[in-house]
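Thanks for sharing this one. Here are my notes, as numbered points that you can follow with the structure open beside you.

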Amino acid sequence: MLWKSIGIIFAVLTVYVLLSATVFHYLEQPNEVLVKNHTRDFHLDFLRKYPCIPQDELELFVQRVLKSYDMGVVATATTTSESNWDFASSFFFSATVVTTIGYGNIAPNTMAGKVICIFCALCGIPLCTVFLAAIGQKLRFPITKLQEKMITGRSHRILRCVKVCLCVVLGSTLLILLPSVMFTLVEGWHYGVSVYYSVVTLTTIGFGDYVAGLQAVPYRDLYRAVNGVWVVLGLAWVALIVSEITGDINDKIVKNELKCSKNVCKQKEHEMTSLDTEGMDNVLVK
């Protein structure tokens with residue numbers, strides 16, 4: 001790919017990110033200010049209601065609670081969160097590391113755990129990438145067969161568009177819309193939130209604002225295992241779609257670059273021919 005094409009892609013990406021940032025800024029900042037004001041008012045009302053509690057001690061208490069919550073721990077006199085480091089949770093965390101999802105709701109707190117996490121990522125991410133690519137190739141086979149049965153005798157471009165559409169429609173239905181129903185029923189989330197969680201997870205964004213399996217649900221270990229299988233299949237599907245779309249875009253860019261190169265070569269040949277003709281004419285005149 002030529003530097004000119006890379007520059008165009010970079011410019012388009014930059015404009016896209018700037019537009020997205022503008023939308024998020026005007027959508028989310030007013031809500032953030034509203035939450036801050038409500039939280040500050042609640043804090044002041046609490047101090048007025050219980051004047052016997054010193055403000056500095058209350059601030060210290062809140063900071064300790066927030067620190068524990070950032071570590072994924074909730075422990076009060078009546079409520080205790082589920083363990084984040086039982087075997088099922090540790091397996092789930094390792095899977096989020098090698099798949100680069102990284103929800104961020106829990107992380108190693110010991111130095112030994114941080115070192116192991118580094119080696120887990122360095123060795124596991126390449127291995128997981130190869131595995132997901134292989135699964136994506138297997139998923140491509142039945143879609144290609146279905147495409148051949150539906151459309152025959154068409155051009156390569158039409159066949160490729162049909163394949164991408166089939167991948168998007170079937171994958172979205174089986175790996176986003178249907179699993180979101182499960183998350184809604186088990187987690188108690190709004191269906192829109194479940195779809196948001198599914199997309200954020202399978203695109204490996206992994207904000208961590210919603211994570212399935214943290215609540216004390218029946219058969220929690222089995223539920224997390226099913227969730228892990230869903231993540232693997234979903235990531236392979238996303239990799240397949242990205243491969244198809246980027247492959248089509250790269251083909252178009254390469255064709256345009258070759259076309260431009262041929263035009264430049266023809267122009268240079270024409271200029272050389274014109275120069276040779278002029279030189280011969282000058283010789284004949286002399």
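**Notes on the model**

1. Let me start with Thr-100, whose place is in the loop between α3 and α4. Please bear in mind throughout that this is a predicted model. Thr-100 is not a glycine, and yet its phi is positive, at about 65 degrees. In the chain, Thr-100 follows α3. Is the residue buried or exposed? Neither label fits: Thr-100 counts as partly exposed because its relative accessibility is 41%, and the range for that class lies between 20% and 50%.

2. Thr-204 deserves a look too. Thr-204 lies in the loop between α6 (191-202) and α7 (220-285). Its phi is positive, about 60 degrees, although Thr-204 is not a glycine. With a relative accessibility of 27%, Thr-204 counts as partly exposed. I would show both threonines in any figure of the backbone.

3. Now the overall layout. The protein has seven helices and zero strands, so the order of elements from the N terminus on reads α-α-α-α-α-α-α. Of the 286 residues, 24% count as buried. The accessible surface comes to about 20500 Å², and carbon and sulfur atoms hold 69% of that surface. Among contacts with a separation of 6 or more, 58% are between residues 24 or more positions apart.

4. Helix α3 covers residues 87-98, which makes 12 residues. What span should a helix of that length have? At 1.5 Å a residue the expected value is 16 Å, and the end C-alpha atoms are 17 Å apart, which agrees. Its buried residues are Ala-88, Ser-89, Phe-92, Phe-93, Thr-96, Val-97 and Val-98.

5. Helix α2 makes a good companion to that point. Its 16 residues should span 22 Å at 1.5 Å a residue, and its end C-alpha atoms are 22 Å apart, in agreement. How many of its residues are buried? The number is one of 16, so α2 lies largely in the open. Tyr-69 belongs to this helix, which runs over residues 55-70. Tyr-69 is exposed because its relative accessible area is 56%, above the 50% cut-off. Between Tyr-69 and Ile-106 there are 37 positions in sequence, while their C-alpha atoms are 9.5 Å apart in space.

6. His-43 is found in helix α1 (residues 3-49). His-43 counts as buried because its relative accessibility is 19%, and the cut-off is 20%. Not counting residues up to four places away in sequence, His-43 touches Gln-55, Leu-58 and Glu-59.

7. On to the largest nonpolar core, which has 25 residues. Which of them touch the most other members? They are Tyr-103, Phe-183, Tyr-197, Leu-202, Ala-212, Trp-230 and Trp-237. Two or more residues each come from α3, α4, α5 (156-187), α6 and α7. The largest share is that of α7, with nine residues.

8. Tyr-197 is a handy place to centre the view of this core. Leaving aside neighbours within four places in sequence, Tyr-197 is in contact with Tyr-103, Phe-183, Trp-189, Tyr-210, Val-211, Ala-212, Asn-227 and Trp-230. Of these partners, Tyr-103, Phe-183, Ala-212 and Trp-230 are also on the list of core members that touch the most others.

9. Two arginines are worth a closer look, and Arg-224 in helix α7 comes up here. Arg-224 is buried yet has no salt bridge. Where is the nearest side chain of opposite charge? It belongs to Asp-86, 5.2 Å away, whereas a salt bridge needs a distance within 4 Å. Beyond four places in sequence, Arg-224 touches Ala-88, Ser-89, Phe-92, Ala-212, Gly-213 and Leu-214. Of these, Ala-88, Ser-89 and Phe-92 are among the buried residues of α3.

10. The other arginine is Arg-140, in helix α4 (residues 111-150). Arg-140 is buried, since its relative accessible area is 18%. Apart from neighbours within four places in sequence, Arg-140 is in contact with Lys-163, Leu-240, Ser-243 and Glu-244. Arg-140 and Cys-167 are 27 residues apart in sequence and 8.3 Å apart in space, C-alpha to C-alpha.

Conventions: Residues are numbered from 1 along each chain as its sequence is written. This is a predicted model: local features need pLDDT of at least 70, side-chain atom pairs count only at pLDDT 80 or more; totals for chains, interfaces and linings use all residues. Side-chain values use heavy atoms; hydrogens and water are left out. Helices (H or I, at least four residues) and strands (E, at least two) are DSSP runs, numbered from the N terminus. The expected span of a helix is 1.5 Å times one less than its number of residues. Buried means under 20% relative accessible area, exposed over 50%, partly exposed in between (1.4 Å probe, protein chains only). Contact means heavy atoms within 4.5 Å. A nonpolar core is a set of buried Ala, Val, Leu, Ile, Met, Phe, Trp, Tyr and Cys residues joined through side-chain atoms within 4.5 Å. Lys and Arg count as positive and Asp and Glu as negative; His and the chain ends are not counted. Accessible areas come from the Shrake-Rupley method with a 1.4 Å probe; for residues, only the protein chains shown count as cover.
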